[in-house]
Every structure is written in structure tokens, then in C-alpha cells.
Amino acid sequence: MILKEFIIPAIDIKDGKVVRLYKGEFDKVKIYNENPVDMAKYFEDAGAKHIHVVDLDGALEGLPKNIKILESIVRSVNIPIEFGGGLRSFEAVKAVLDLGVERVVIGSLAYQNPEEFYKIVESFPSKVIVGIDAKDGKVAIKGWTEKTEVSPLEFAKKYDDLDIFGFLFTDVSRDGVMIGANVEVTVELAKNLKHPVIASGGVGSLEDVIKLYEKREFGIFGVVVGKAIYEGKINLKEI
């Protein structure tokens, strides 16, 4: 895998616009682009091999709110889209997969309703990424607004034997801060799980990406990068 393929550009959508949050706080929002579809086209033109789309409104409200935008993104690019945010029912997951989304990221539902989650995985094998959002070393749910008492590894182990695609680990305290990804915990998860792990949160430079890239043999599939691209710290076209 070449370095560019390791990077998964992020499009976080709130109120129909491309935004980034600071440490997962919904009252600390910065708008980077008015048109998520244009952003997706840019990433494809820049050589991205997949795109990570998050419905922030959906994450807060518990069901996808930007479906029309997601559909436009899927129709406008020819690279796989992974999507998360508000997927808390079988029906919601089926709806976005029917649009042509390649993979879905599910976190809160996996924690709160395992039975429904098992049904989803059984119906859509290899299409599910288990989202592990962590605050202070514990899993956070409901758009990062509630912290549990479960550790990321404990949570992941519960689903590692299922036919999932893998895991997405986000250190919420680093998200949108650009202080470097939590390489240590990402590697620990990857070493102890059968499925691949995608890293997320904190990337601020190409050096941060390379630190994770150099550990890919442990089972790190890629890294989601958002703010570092929008702030010009990483130029996909130049990699």
C-alpha cells in the first residue's frame, strides 16, 4: 500500500456544510466548504482511494439527516464511501447501503443494542466498521456526548469474531486539534484484534500519518484525516 492510499480524507457534514469540530464539541464548529459534493470530487481528483463521510447532525439526533447529500456524493465519485453518523437501526443502515455506500460505521448501536447490531452484521457481511470513539480511555457514544465505563479494547473484543470489515478508533480528545494521532492505543488495538483498525483523530501533519503508516504491519488499515487537509498541512495532490 502506498502512502496516499493509507490516507482516508474526511467529510464531516453539519447543516449541509463541510465542517470540523474541536475535540468533538458541537458548539466549536468551523466551516471549510459550503458543498460536500464538491469536496468529495476534489478528494477523488487528488488521488484518494476512499472517503470517510460523517453526518454530525445524524450523530446527535440518532438518525441520518443528510441523506440527500450522501446520495449526491455517492453518485458523483467512483471511489468507495464509508459513512457514519446516526446509524442506530437496521433500517437506517440498509437505507444508506442501498444508496451505494461501501461501508458503514456503527458505534452507539453496537454498544446499546447488540441484538440489532448482530442482525445488521449478519445481513451485510464485511460492510460494517465498528466505531470506537474514546474519551479519557473509555468508549463514548451518542455523538460523543455520553461516556461509558468500557475500554476500547474490551468493546472491540466483543465483536472481533463477527464478519465485520474492521474497527475505527477515534481519540475524541485529539479530534480537530492536530497534535498527532494516538499511535500507542491504535497499535495496541491492532495488535490484539483479528480485524484491521482505522485510526482517527489528531493528525496534524504528514509526519503524523507516516508514524501510523510505519505500523501498518500490525493491522492498521489507514488513517482518517480531516482538519490537517483543510488547513493545508497535508496536500494530497503532492504526496
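**Helix faces and packing in a predicted model**

Helices H5 and H7 run roughly parallel to each other, and that pair is a good place to begin a walk through this predicted model. Two packed helices are described by the angle between their axes and the distance between the axes. For H5 and H7 (residues 114–123), the axes come within 10 Å and cross at roughly 25°. Since angles under 35 degrees count as roughly parallel, the label for H5 and H7 follows from their crossing angle. The handedness is defined too: H5 passes H7 in a right-handed crossing.

Which residues in H5 and H7 meet? From H5 come Phe90, Glu91 and Val93, and they meet Glu116, Lys119, Ile120 and Ser123 in H7. Sorted by class, this contact has 3 nonpolar, 1 polar and 3 charged residues.

Staying with H5 (90–98), let us ask which of its residues are buried. They are Phe90, Ala92, Val93, Val96 and Leu97. If you look down the axis of H5, these buried residues fall within an arc of 165°, so they line one face of the helix. The face turned away from that buried side carries the exposed residues Glu91 and Asp98. Phe90 and Val93 thus appear both in the list of buried residues and in the contact with H7, while Glu91 is exposed and also takes part in that contact. The buried residues of H5 pack against H4, strand E5, strand E6 (103–106) and H7. After H5 comes glycine 100, with a positive phi near 115°.

H4 (residues 67–76) is the next stop, with Ile69, Leu70, Ile73 and Val74 as its buried residues. Viewed down the axis of H4, they fall within an arc of 140°, so here too the buried residues line one face of the helix. On the other side of H4, Lys68 and Arg75 are exposed. What covers the buried residues? The cover includes strands E1 (7–14), E4 (51–55) and E5 (81–84), along with helices H2 (36–45) and H5.

One of those covering helices, H2, packs with H4 at an angle of about 30°, their axes 9 Å apart. That angle makes H2 roughly parallel to H4, and H2 passes H4 in a right-handed crossing. Pro36, Val37, Ala40, Lys41 and Glu44 in H2 meet Ile69, Ser72, Ile73 and Ser76 in H4. The residues of this contact divide into 5 nonpolar, 2 polar and 2 charged. Ile69 and Ile73 turn up in this meeting with H2, and both are among the buried residues of H4.

Further along the chain, helix H10 (residues 206–213) holds the buried residues Asp208, Val209, Leu212 and Tyr213. Seen down the axis of H10, they fall within an arc of 140°, so they line one face of the helix. Their cover includes helix H1 (3–6), E1, helix H9 (183–192), strand E11 (197–200) and strand E12 (220–225). E1 therefore has a part in two places, since the cover of H10 includes it and the cover of H4 includes it as well.

H9 is home to glutamate 184. Is glutamate 184 buried or exposed? Its relative accessible area is 68%, so it is exposed. Glutamate 184 and leucine 212 are 28 residues apart in sequence, with 9.5 Å from C-alpha to C-alpha in space.

For a contrasting environment, turn to leucine 56 in helix H3 (residues 56–61). Leucine 56 counts as buried because its relative accessibility is 4%, below the 20% cut-off. Leaving aside neighbours within four places in sequence, leucine 56 is in contact with Asp12, Ile13, Lys14, Val19, Leu21 and Phe26. With one of these, valine 19, leucine 56 has a sequence separation of 37 residues and a C-alpha to C-alpha distance of 9.2 Å.

Finally, a word on backbone torsions. Most residues other than glycine have a negative phi. Serine 126 is not a glycine, yet it has a positive phi of about 65°. Serine 126 is found in the loop between H7 and strand E7 (128–135), where it is partly exposed at a relative accessible area of 37%. Aspartate 136, also a residue other than glycine, has a positive phi near 50°. Aspartate 136 is found in the loop between E7 and strand E8 (138–141), and at 64% relative accessibility it counts as exposed.

Notes:
Residues are numbered from 1 along each chain as its sequence is written. This is a predicted model: local features need pLDDT of at least 70, side-chain atom pairs count only at pLDDT 80 or more; totals for chains, interfaces and linings use all residues. Side-chain values use heavy atoms; hydrogens and water are left out. Buried means under 20% relative accessible area, exposed over 50%, partly exposed in between (1.4 Å probe, protein chains only). Helices (H or I, at least four residues) and strands (E, at least two) are DSSP runs, numbered from the N terminus. The arc is that of the directions from the helix axis to the C-beta atoms. Contact means heavy atoms within 4.5 Å. Axes are lines fitted to C-alpha atoms, for helices over the stretch in contact, and angles run from 0 to 180 degrees between N-to-C directions. Angles under 35 degrees count as roughly parallel, over 145 as roughly antiparallel, 65 to 115 as roughly perpendicular and the rest as oblique. A crossing is left-handed if the near helix is turned anticlockwise from the far one by less than a right angle, and right-handed if clockwise. Ala, Val, Leu, Ile, Met, Phe, Trp, Tyr, Cys and Pro count as nonpolar, Asp, Glu, Lys and Arg as charged, and the others, Gly among them, as polar.
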